[in-house]
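User: Please take me slowly and closely through one open space in this model, with what lines it and what its helices do elsewhere. I am new to this, so please explain each term as it comes up.

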Amino acid sequence: MKKEYTGRSFWKYPLHKKLKVAAAHIFLAVLSFVWLIPIVWVVLTSFRATKGSYSATFFPTSYTLDNYIKLFTDTSVFNFPKMVFNTFIVAAANCLISTFFVVAVAYTFSRLRFRGRKGLMNVGMVVNLFPGFMSMIAVYYIVKMLGWTDGPMLRVAMIAVYAGGAGLGYHIAKGFFDTIPISLDEAAMLDGASKFQVLTKIIMPLSKPIIVYTMLTSFAGPFKDFMLAKVLCGANADYYTVAIGLYQMLDEEYIAQWFTSFAAGAVLISIPVAILFMCTQKYYVEGVGGAVKG
């Protein structure tokens with residue numbers, strides 16, 4: 001039987017309540033508008049026909065698709081297609097490996113009890129507080145010692161750097177696992193399930209939102225990271241990621257001719273992340289809404 005909606009209409013609230021709600025909506029609308037301005041500007045700039053980094057008007061006076069075409073045809077200076085390929089390979093591998101590490105560490109600390117657990121959690125939290133660029137020099141010399149600074153092994157080096165310490169970012173996933181009642185694990189083990197079966201048959205299906213979140217952040221990482229990728233690649237342009245390529249388009253010798261193409265590249269690299277989000281967003285609804293189905 002369909003329940004009748006009994007909530008109060010906005011117009012039935014007292015005046016002070018209406019003012020608070022209206023003020024909150026206006027404030028959020030203004031914030032949304034301010035937040036969208038840079039995004040709209042980048043998109044408009046990517047279609048701007050005039051070159052250079054400066055424009056006297058917010059909206060271009062003329063539009064063109066040449067900025068996008070140039071990225072894929074003029075590869076003598078910046079080989080953008082190859083940069084996208086390098087980044088996609090690293091991002092896809094990092095997405096899978098990092099998600100596995102994060103889920104494994106978070107499940108272990110959330111569900112298992114063993115000697116030294118508290119100490120390991122504290123060490124992981126302290127280490128994770130330090131920014132990644134503090135270890136760049138040490139990471140570079142370790143990678144160089146392994147012989148991974150030349151050729152295709154550079155991709156392996158970037159995957160190892162991005163995914164190697166992913167397990168230290170277990171805190172958000174552990175917090176989510178902690179909200180799942182431990183009684184579900186106990187009931188399953190009474191029925192003969194192993195801890196691995198509890199993880200794959202119970203915890204994982206209920207944890208789709210946090211898994212999707214971990215996948216998205218892991219996949220997007222190589223697309224936006226510049227420093228670690230630049231330190232590892234050095235002058236080896238054949239293995240540049242899009243972050244390095246787009247940053248170099250802003251150099252003094254290139255910015256006059258490549259700034260609008262830089263904006264076009266910034267728009268293009270957002271597409272893979274947006275596609276992944278669109279394909280996985282339903283799991284947010286399923287995971288969050290599953291608890292209220294009845």
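Analyst: The second largest pocket is lined by T99, F100, V103, A104, F196, L199, T200 and M204. This is a predicted model, in which local features need pLDDT of at least 70 and side-chain atom pairs count only at pLDDT 80 or more, while totals for chains, interfaces and linings use all residues. Residues are numbered from 1 along each chain as its sequence is written, and side-chain values use heavy atoms, with hydrogens and water left out.

A pocket here is an open set of points on a 1 Å grid over the protein atoms alone, where a 1.4 Å probe fits and protein lies on both sides within 12 Å along at least five of seven lines; a lining residue has an atom within 4 Å of a point. The second largest pocket holds about 160 Å³ of space, a volume being the space filled by probe spheres set on the points, which are joined across faces, edges and corners. At least two of its lining residues come from α3, and at least two from α9 (195–206); helices are DSSP runs of H or I with at least four residues, numbered from the N terminus. The lining has six nonpolar residues, two polar and no charged ones.

The helix α3, which spans residues 80–111, also gives two or more residues to the lining of the largest pocket. That pocket has a volume of about 1100 Å³, and among its 34 lining residues N128, V161, Y162, G165 and A166 lie nearest the centre. Its biggest contributor is α10, with eight residues. By class, 19 of the lining residues are nonpolar, 13 polar and two charged.

Following α3 away from the pockets leads to the largest nonpolar core, to which α3 supplies at least two residues, as do α2 (66–73), α6, α10, α11, α12 (242–248) and α13 (255–280). Such a core is a set of buried Ala, Val, Leu, Ile, Met, Phe, Trp, Tyr and Cys residues joined through side-chain atoms within 4.5 Å, where buried means under 20% relative accessible area, exposed over 50%, and partly exposed in between, with a 1.4 Å probe and protein chains only. This core has 32 residues, and F80, M158 and M249 have the most contacts inside it. A second, separate core has 18 residues, including Y107, I202, I203 and I211.

The helix α3 also takes part in a salt bridge, meaning a side-chain nitrogen of Lys or Arg within 4 Å of a carboxyl oxygen of Asp or Glu. By this rule there are two salt bridges. In one, R111 pairs with D185, and the closest N and O atoms are 2.9 Å apart. Because R111 lies in α3 and D185 in α8 (residues 182–190), the pair ties together parts that are 74 residues apart in sequence. R111 counts as buried at 11% relative accessibility, and D185 is also buried, at 4%.

The other salt bridge joins the side chains of D178 and K174, at 2.8 Å from N to O. Both of these residues lie in helix α7, four residues apart, which is about one turn of the helix. D178 is partly exposed at 40% relative accessibility, whereas K174, at 12%, counts as buried.

Notes:
Nonpolar A, V, L, I, M, F, W, Y, C, P; charged D, E, K, R; others polar.
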